[in-house]
Amino acid sequence: MKLSDSVRSIKGVGEKAEKCLNKLNIYQVGDLLEHYPRGYDEWKPLQPIASLREGEVAAVEGSLLSRPQMRARGRLKVLTIMLQDQSGNIPVTWFNMPFLRNQLKMGMHYIMRGKVTRKNGRLVLEQPKIHTKQEFFRLVGKLSPIYPLTAGITNRAVTKAVEQALSDAEELLEYLPSDVRKRQGLIEYKKALRQIHFPANKEEMVQGRKRLVFDELFLYQLALAYIKKNGRVKSEHVLIEKEDGEAFLHSLPFSLTGAQEKVYREIMSDMTSGYVMNRLVQGDVGSGKTILAVLSLYQVVLNGGQGAFMVPTEVLASQHFLSLTALLEPYHVRIGLLTGSLTAKQKREAKNKIEDGEWEIVIGTHAMIQDDVRFKNLALVITDEQHRFGVKQRETLFQKGNEPHVLAMSATPIPRTLALILYGDMDLSVVDERPANRLPIKNCVVNTDYRPNAYRFMQKQIEEGHQIYIICPMVDASEDSELENVTIYTEELSEIFPPEVTIEALHGKMRPREKEDIMNRFSEGQIQILVSTTVIEVGIDVPNATVMMIENAERFGLAQLHQLRGRVGRGASQAYCIFMTGKESKDSKERLGVLAGSNDGFYIANEDLKMRGQGDLFGIRQSGDELFALADIFDDADILRQAGEEAKKITEDEITLLYKKNQRLKDRVERYLGRVTL
Ligand code: ADP
Ligand code: MG
């Protein structure tokens, strides 16, 4: 079995599993091996009930104190039992699993493993799985991988497929030059893969991760060096600045900030220079990057070219589609939307309209980079929220045009030193000013006791006509908990707020249509409170929302919290952000303190970098940064610098030589870049 073989060639992976894996962007065996766990489930031994603490995932063994009780809570059915052991007892609840009532018998002993939470001041074991003794003792002491999933495939199935692939793949040979590996103290490739998927303990995981992170960052830099070596390319799409562009600019409901004007000039000077633009626009959340994209796209259309605007989520794509249509329709620009959730027929139509040039601007998710999407005359490629895309995706879209201009936009404020290594191939523009009508967001860090106050405050804001986001606790050990958390939370909220307050839930497991519908209703002000997972994080713009409350804020990275907070404070009204913490620790207090004290993304990024120690990392943080599968530029800043050093040691001439001698390394870089033939 080769890395480039289809996942179907893995024993046990059938047609249905293949479809699901494809949805996760896994097509080849190699993709599966690079589908790293997003965390690990640590199977700790049984605990006495009296020793349980809030927030942990724990296993207990006990018997029923009384018969199971069932009651309805909103649309949910809740089953409750009291479980006891020699040390004490605890209520245990399940949502929508009524069949358990007849399975649980008095007088029997059960092993249950689930999350310990606090409800009305008392600890509760929530939604535990019930295990046989045999099952449980086989797993104790192990770390089992938790993979990112999609509907239709279980964690168990992915685990099995990875196990099989690891034992059957032939090509997991070493490809790093041995002197590099020695200098950096890195373990072998195959061993590293094994250790990241199935570590025996934390040390193994950390060791495996270090090697793979290094690889990502090293290959990335070799790839950049290659692109750079090819130098600047003459552009086929030399733009002429058109007066109509000015007219459109003057018709906007606001005037550009100084920073927006400066960056727009930089973009125009690139696009009229005769060379291909390759520019990264960095700007804090809410600094107004979208309008820069719109202006650039409009110029391209005026010059007879097509523009592509690629965004990471469907929700964001449809939002951009609506706002661009509203802005550009009076100017007769033809705009289309291409996302993964279109029907086959709609997709075909969309592709035709793109191919014959009927659509002048195409907004879409990575459905746009599929093989059979062809543009008539693609002259400008824009990626929004660039940190969510890899170089490979940017390059693939680039390939669809004839040397189109490239503009990448990112709200991740990366400290300059790191940006220079990461985006070494691009020119950098910074939108370092916010629209003048904004009041700074007011922040507070509070614990869960404050929740009732927070709800009262929200009620007042709603009465004033504003809207609210609540970000729910993150997904934990169990696969379905994302959905449960959000729906349960929403149900509970609807008992607290009066019935005229419309509350809806939004989460990643919903179908794109439902998500879109809810987002549209929220934008139109029909929904007052939106309870969401982090799917809301990127780009969404609803200026009337004034309160953001983030539950379990301590579990997110600072950059992600800053992004989430950026969903409010986008209009003229005062906005508020409430960081709610479940577990208090000195470390999390300090980190959240930085956020509460500043709304400046660049300052926060620098503090974040200072605070994160290397080596203390366990598990894979949901950083929201998808430039790399594994590496986190903050946590791994040191490895990033090391990889930068190593890559620099290889001069441009040597790169060609190295590739000649080291075919495996060359294959790797090519695989990484997806398109470049070296
Ligand atoms: P981001 O940089 O986070 O992508 P957006 O482009 O979504 O920010 O802009 C945030 C909000 O600010 C939008 O509602 C947009 O219409 C508005 N906006 C953009 N530029 C200006 C400006 N110069 N003056 C006032 N409002 C602006
Ligand atoms: Mg944006």
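Helices are DSSP runs of H or I with at least four residues, numbered from the N terminus. Helix 12, residues 314-328, is one of them, and Ser 318 is found in it. The model shown in these views is predicted.

**Figure 1. Ser 318 sits in helix 12.**
Ser 318 has a relative accessibility of 8%. Buried means under 20%, so Ser 318 counts as buried. Its side chain reaches the backbone oxygen of Val 315 at 3.2 Å. Beyond the neighbours within four places in sequence, Ser 318 is in contact with two residues, Leu 337 and Glu 516.

**Figure 2. The whole chain combines helices and strands.**
The chain has 678 residues, and buried residues make up 54% of them. Its secondary structure comes to 24 helices and 21 strands. Take the contacts with a separation of 6 or more: 74% of them join residues 24 or more positions apart. The chain exposes about 29,900 Å². Carbon and sulfur atoms supply 49% of that area.

**Figure 3. Ligand 1 is surrounded by 17 residues.**
Which residues come nearest to ligand 1? They are Gly 286, Lys 289, Thr 290, Arg 438 and Asp 541. The shell divides into five nonpolar, seven polar and five charged residues.

**Figure 4. Gln 260, Gly 288 and Thr 290 place polar atoms by ligand 1.**
Gln 260 has a polar side-chain atom 2.9 Å from a nitrogen atom of ligand 1. Gly 288 uses its backbone: a polar atom there is 3.0 Å from an oxygen atom of the ligand. Thr 290 has a polar side-chain atom 2.8 Å from an oxygen atom of ligand 1. How much of ligand 1 does the protein bury? Taken alone, ligand 1 exposes 570 Å², and the protein buries 86% of that.

**Figure 5. Ala 408 is a buried residue of strand 14.**
Strand 14 covers residues 405-410, and Ala 408 is found within it. The relative accessibility of Ala 408 is 0%, so this residue counts as buried. Ala 408 and Asn 278 are 130 residues apart along the chain. Their C-alpha atoms are separated by 8.0 Å. Leaving aside neighbours within four places in sequence, Ala 408 is in contact with Arg 279, Leu 280 and Val 281. Its contacts also include Thr 383, Gln 386 and Met 426.

**Figure 6. The largest nonpolar core holds 71 residues.**
Leu 32 and Leu 33 touch the most other members of this core. Which helix gives the most to the core? Helix 8, residues 202-229, does so with 11 residues. Residues up to four places away in sequence are not counted among the partners of Leu 32 listed here. Leu 32 touches Val 7, Ile 10, Leu 21 and Ile 26, and also Ala 161, Val 162, Ala 165 and His 197. A second, separate core has 69 residues. Among them are Tyr 298, Phe 309, Leu 380 and Ile 471.

**Figure 7. Asn 25 has a positive phi.**
Most residues other than glycine have a negative phi. Asn 25 has a positive value, near 70 degrees. Where does Asn 25 lie? It is in the loop between helix 1 (15-23) and helix 2 (29-33). Asn 25 has a relative accessible area of 41%, so it is partly exposed.

**Figure 8. His 332 also has a positive phi.**
The phi of His 332 is near 60 degrees. His 332 has its place in the loop between helix 12 and strand 11 (335-338). Is His 332 buried or exposed? With a relative accessible area of 66%, His 332 is exposed. The cut-off for that class is over 50%.

**Figure 9. Gly 357 is a buried loop residue.**
Its loop runs between helix 13 (344-355) and strand 12 (361-364). Gly 357 counts as buried because its relative accessibility is 18%, and buried means under 20%. Gly 357 and Arg 374 are 17 residues apart in sequence. From C-alpha to C-alpha, they are 9.8 Å apart in space. Which residues is Gly 357 in contact with, leaving aside its neighbours within four places in sequence? They are Gln 306, Arg 334 and Lys 376.

Technical notes:
Residues are numbered from 1 along each chain as its sequence is written. Chains are lettered from A and ligands numbered from 1 in the order in which they are written. This is a predicted model: local features need pLDDT of at least 70, side-chain atom pairs count only at pLDDT 80 or more; totals for chains, interfaces and linings use all residues. Side-chain values use heavy atoms; hydrogens and water are left out. A residue is near a molecule or strand if one of its heavy atoms lies within 4 Å of it. A polar contact is a pair of N or O atoms within 3.5 Å; within protein, one must be able to donate a hydrogen and the other to accept it, and residues adjacent in sequence count only if both atoms are side-chain atoms. Accessible areas come from the Shrake-Rupley method with a 1.4 Å probe; for residues, only the protein chains shown count as cover. Ala, Val, Leu, Ile, Met, Phe, Trp, Tyr, Cys and Pro count as nonpolar, Asp, Glu, Lys and Arg as charged, and the others, Gly among them, as polar. Helices (H or I, at least four residues) and strands (E, at least two) are DSSP runs, numbered from the N terminus. Buried means under 20% relative accessible area, exposed over 50%, partly exposed in between (1.4 Å probe, protein chains only). Contact means heavy atoms within 4.5 Å. A nonpolar core is a set of buried Ala, Val, Leu, Ile, Met, Phe, Trp, Tyr and Cys residues joined through side-chain atoms within 4.5 Å.
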